[in-house]
Amino acid sequence: MTQHIETVTLVGGGLVGALLATLLAQRGFAVEVFERRPDPRQAGYAGGRSINLALAERGLHGLRLAGLSDEIMRLAVMMRGRMVHHRDGHAELLRYGRDDSEVIWSLSRGRLNIALIDAAERAGARFHFNRRLEDATFGDGVTLRFHDDSDGSTHEHHAAFALGCDGAGSALRAAMHRTQPLGERIDELGHGYKELEIPQRGQVHFPATEATGAGQVSKSEPDPVFAIERNALHIWPRGNYMCIALPNAEGSFTVTLFLPSHGDPSFDTITTPAAARAFFERDFTDLLPLVPDFDADFAANPVGVLATLHLDRWHIDGRALLLGDAAHAIVPFHGQGMNCGFEDAVELAELLDAHRDDLAWTFAEFERRRRPNAEAIATMAIENYTEMRDSVADAGFLLRRELGRVLAQRHPQRFVPRYSMVTFSRMPYAQAFARGAVQDALLRELAEGHSRIDDIDLARADALVHERLTPLA
């Protein structure tokens, strides 16, 4: 299909949809966004089913391009590393990077989504809330049929093409599949999740001061008091299951319990607040007292499903294209779902801007570029679950991790930990995955038979690094 495109229709006004709307509106496109939920700025943002977001370099890049990084960072809390809480009650911080230049940031999904919607509207995008997509027909362009759950009305919208940013349960994807099968496969992890909350401990009020040459400034807003270390992602690893807690700017923590769907223990066997409390008293002894509304949280919040979505194709010629979770939903254990989706938005905005006259080519090229990276991060996210719930307490893993840090210091241009390549750079995920596999094999070979870093032959390690790893640009 060859035509000059000036108007863009998005289905889904969540994180990826709102950022993409901003980037396209800033490039002069007329952007229409249809979102099934009510406007969260008026109705509020429903919680209870949302794992906090971890913002990293890839996502920050998209926000910078949209001119939003400073605004969004005011909503974020820095996390320097994983604070591992062991069964015996002691905790240790495993830093993500070398210093505070290599950190990730915790964000509330609701607050971020509202900020992105505001930004998209400022750029000129138009949002239509309470528009739940019922069906789409693909002929000369695409005709979208929406239902308004607030008043029961129906609405039709005809567009040259539609972009699906409507998440893992994408209605546009379902309509596309009915027209041209997309080869959908869903790999369930066999684990689910449930949200709890650690509230803030209180607030600290600072006396107002005059600005002086010594740098004192007035401070009228109180600071929240966090119940546990604020600048960390907290993990309670317990082998086949775990809890995590991510900080919120107002002083609370969003806690997520990850548990098998079946077996013992599982969400099959732990179905009541009383059973959950007994489970936490046994396995999360130090966490339970931090959740004062434990019974109410457990009863009210649903069990979420964890799965990876695979599609054989993401588009129907030049009439419809999926991106973000609608095309490649992944499990959340690398904190990269949003970051990957924001990369999609940046890539697609640039392609649409440069190739407005050939949508079929643009959509195919977008999929060609992004698919290998989406598949790579999907695999790494599953691997990271095993690492978080089990390996962070394993002596062999900790030795390899320490050795990796030593080699990164000795060979900063050759040996970069995979987590750093994924989180602190914009190296393509597929490249980070491939290079990480070489490095992991090297670490396992060097650490085999050893229990202390001092016992490892670093001269041999240096030689293997130079033999197997080319310098990074």
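Is Asp166 buried, partly exposed or exposed, and what is its relative accessible area? In this predicted model, Asp166 has a relative accessible area of 21%, and because buried means under 20% and exposed means over 50%, Asp166 counts as partly exposed.

## Surroundings of Asp166

Asp166 belongs to the loop that runs between strand E12, residues 162-164, and helix H6, residues 171-179. Leaving aside residues up to four places away in sequence, Asp166 touches Val11, Gly12, Ala171, Leu172 and Ala326.

A further relation concerns Glu35, which stands 131 residues from Asp166 along the chain, while the C-alpha atoms of the two residues are separated by 8.0 Å.

## The chain as a whole

The secondary structure of the chain amounts to 15 helices and 21 strands. For a compact globule of 473 residues the radius of gyration would be near 23 Å, and the 24 Å of this chain agrees with that expectation. Taken along the principal axes, the box filled by the C-alpha atoms has dimensions of roughly 70 × 65 × 55 Å.

Of the 473 residues, 53% count as buried, and the chain exposes about 20200 Å², of which carbon and sulfur atoms supply 48%. When contacts between residues at least 6 apart in sequence are considered, 69% of them join residues at least 24 apart. The charged side chains comprise 50 positive and 66 negative ones, and the centres of these two sets lie 2 Å apart.

## The six-stranded sheet

Strand E12, which precedes the loop of Asp166, is also part of an open sheet of 6 strands, whose order is E8-E2-E1-E12-E21-E20 and whose pairing is mixed. The edges of this sheet are formed by strand E8, residues 126-128, and strand E20, residues 315-316; each has a single partner strand, so one side of each is left without a neighbour in the sheet.

At the E20 edge, the partner is strand E21, residues 320-322, which runs antiparallel to E20 and is joined to it by 2 bridges. Within this pair, His315 stands opposite Leu321 in E21. The loop between E20 and E21 holds Asp317, a residue that has a positive phi of about 30° although it is not a glycine. Asp317 has a relative accessibility of 27% and therefore counts as partly exposed.

At the other edge, the loop between E8 and strand E9, residues 132-139, contains Asn130, and here too a residue that is not a glycine has a positive phi, with a value of about 55° for Asn130.

## A hairpin and a cis peptide bond

Strands E5, residues 81-85, and E6, residues 91-95, run antiparallel and are joined by 5 bridges. His85 stands opposite Ala91 in E6. The hairpin of these strands has 5 residues between them, and in it Gly89 takes a positive phi near 100°.

Where along the chain does the cis peptide bond from Asp264 to Pro265 occur? Pro265 is placed in the loop between strand E18, residues 253-260, and helix H7, residues 273-283, and the peptide bond that leads to Pro265 from Asp264 is cis, with omega near 0°.

Definitions and conventions: Residues numbered from 1 in each chain as written. Predicted model: local features only at pLDDT ≥ 70, side-chain atom pairs only at ≥ 80, totals over all residues. Heavy atoms only, no water. Helix = DSSP H or I, 4+ residues; strand = E, 2+ residues; numbered from the N terminus. Rg over C-alpha atoms; globule rule 2.2 N^0.38 Å. Buried < 20%, exposed > 50% of the residue type's maximum accessible area, 1.4 Å probe, protein only. Contact = heavy atoms within 4.5 Å. Areas by Shrake-Rupley, 256 points an atom, 1.4 Å probe, with all protein chains shown as cover. Lys, Arg positive; Asp, Glu negative; His and termini not counted. Charge placed at Lys NZ, Arg CZ, Asp CG, Glu CD. Pairing = 2+ DSSP bridges.
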